[in-house]
Amino acid sequence: MSLKHTLAAAWRRLVAPRMVYGWRGADGRWRAHTRVSTHSDIGCRERLAIGDHVYIGHFNVIDASGGLEIGEGCQVTNHVSILTHSTHHALRIGGRAFYGHPQPPGYRQAATVLGPYCFIGPHSVIGPGARLGKGVLVKAYSHVTGEVPDFAIVEGQPARVVGDTRSVDRALLDAHPQMRAHYEAWAGPLTAP
């Protein structure tokens, strides 16, 4: 291999996305099983409440400026935006007066919550003030706003409920009954979807 190829390969390894294990929350507690990509942008970490066993993949924008809670076991895939503020209305209304305005009309900031064991598919947007229940599955390319009930499968722009994760969970638990106690520890007894 030529020196040029060797240096290029070394450079790619140096700057490539990596998963970093462990996270110290704003509360000072260590989350040993949480993994976060070196190539995700997390703003306002002091306003982020994050559980353990969370996975935040590559190339995400995580905005916690308005308060963000990511529950235990959540998986945020790649190229996801999780937002707690929005300026697009304020910028259009205010034009050039938007910049420097202390409270621009149309500016929205609201806390966002991802319940435990949610899965956020690639290229999705979770809007300011969205509240996802436990066990929610957000399909790729979805735009989620408002309340999403526990165990919902959502898709689309705007996202709408198209299923229930418990139907998939039931089949897996039937095939692996030794996992039922672990599942019920966070989800409660498996009831009919």
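Analyst: Buried means under 20% relative accessible area, exposed over 50%, and partly exposed in between (1.4 Å probe, protein chains only). This is a predicted model, in which local features need pLDDT of at least 70, side-chain atom pairs count only at pLDDT 80 or more, and totals for chains, interfaces and linings use all residues. Residues are numbered from 1 along each chain as its sequence is written, and side-chain values use heavy atoms, with hydrogens and water left out.

User: Great, let's try that out. Why does Y99 count as exposed?

Analyst: Y99 has 60% relative accessibility, which is over 50%, so Y99 counts as exposed. F98 has 15%, which is under 20%, so F98 counts as buried.

User: How many aromatic pairs does the structure hold, and what makes F98 and Y99 one that is edge-to-face?

Analyst: There are 4 aromatic pairs. The rings of F98 and Y99 sit 5.1 Å apart, centre to centre, with 85° between their planes. Rings of Phe, Tyr and Trp (its six-membered ring) pair if their centres lie within 6.5 Å; planes under 30 degrees apart count as stacked, over 60 as edge-to-face and the rest as tilted. F98 and Y99 therefore pass the distance limit, and their angle is over 60, so the pair is edge-to-face.

User: And why is the pair of F151 and W186 called tilted?

Analyst: Their centres are 6.1 Å apart, within the 6.5 Å limit, and the 40° between the planes is neither under 30 nor over 60, so the pair is tilted. F151 lies in the loop between β18 (147-148) and β19 (152-156), and W186 in helix α4 (residues 180-187), so the pair ties together parts that are 35 residues apart in sequence. Helices (H or I, at least four residues) and strands (E, at least two) are DSSP runs, numbered from the N terminus. F151, at 5%, is buried, while W186, at 22%, is partly exposed. Both residues belong to one aromatic cluster with Y117 and Y183.

User: What is unusual to look at in the backbone of Y117?

Analyst: Y117 has a positive phi of about 60° although it is not a glycine. Y117 lies in the loop between β12 (112-114) and β13 (119-120), and at 28% relative accessible area Y117 is partly exposed. H53 also has a positive phi, near 65°; H53 lies in the loop between β4 (48-50) and β5.

User: How do you know that R31 makes a polar contact with D27?

Analyst: A polar contact is a pair of N or O atoms within 3.5 Å; within protein, one must be able to donate a hydrogen and the other to accept it, and residues adjacent in sequence count only if both atoms are side-chain atoms. The side chains of R31 and D27 come to 2.8 Å, within that limit, so the contact counts. In addition, the backbone oxygen of R29 lies 2.7 Å from a polar atom of the R31 side chain. R31 is in strand β2 (residues 30-37) and, with a relative accessible area of 7%, is buried.

User: What does F59 touch?

Analyst: Not counting residues up to four places away in sequence, F59 touches P17, H39, S40, H79 and V80, where contact means heavy atoms within 4.5 Å. F59 lies in the loop between β5 (55-56) and β6 (61-63), and its 42% relative accessibility falls between 20% and 50%, so F59 counts as partly exposed.
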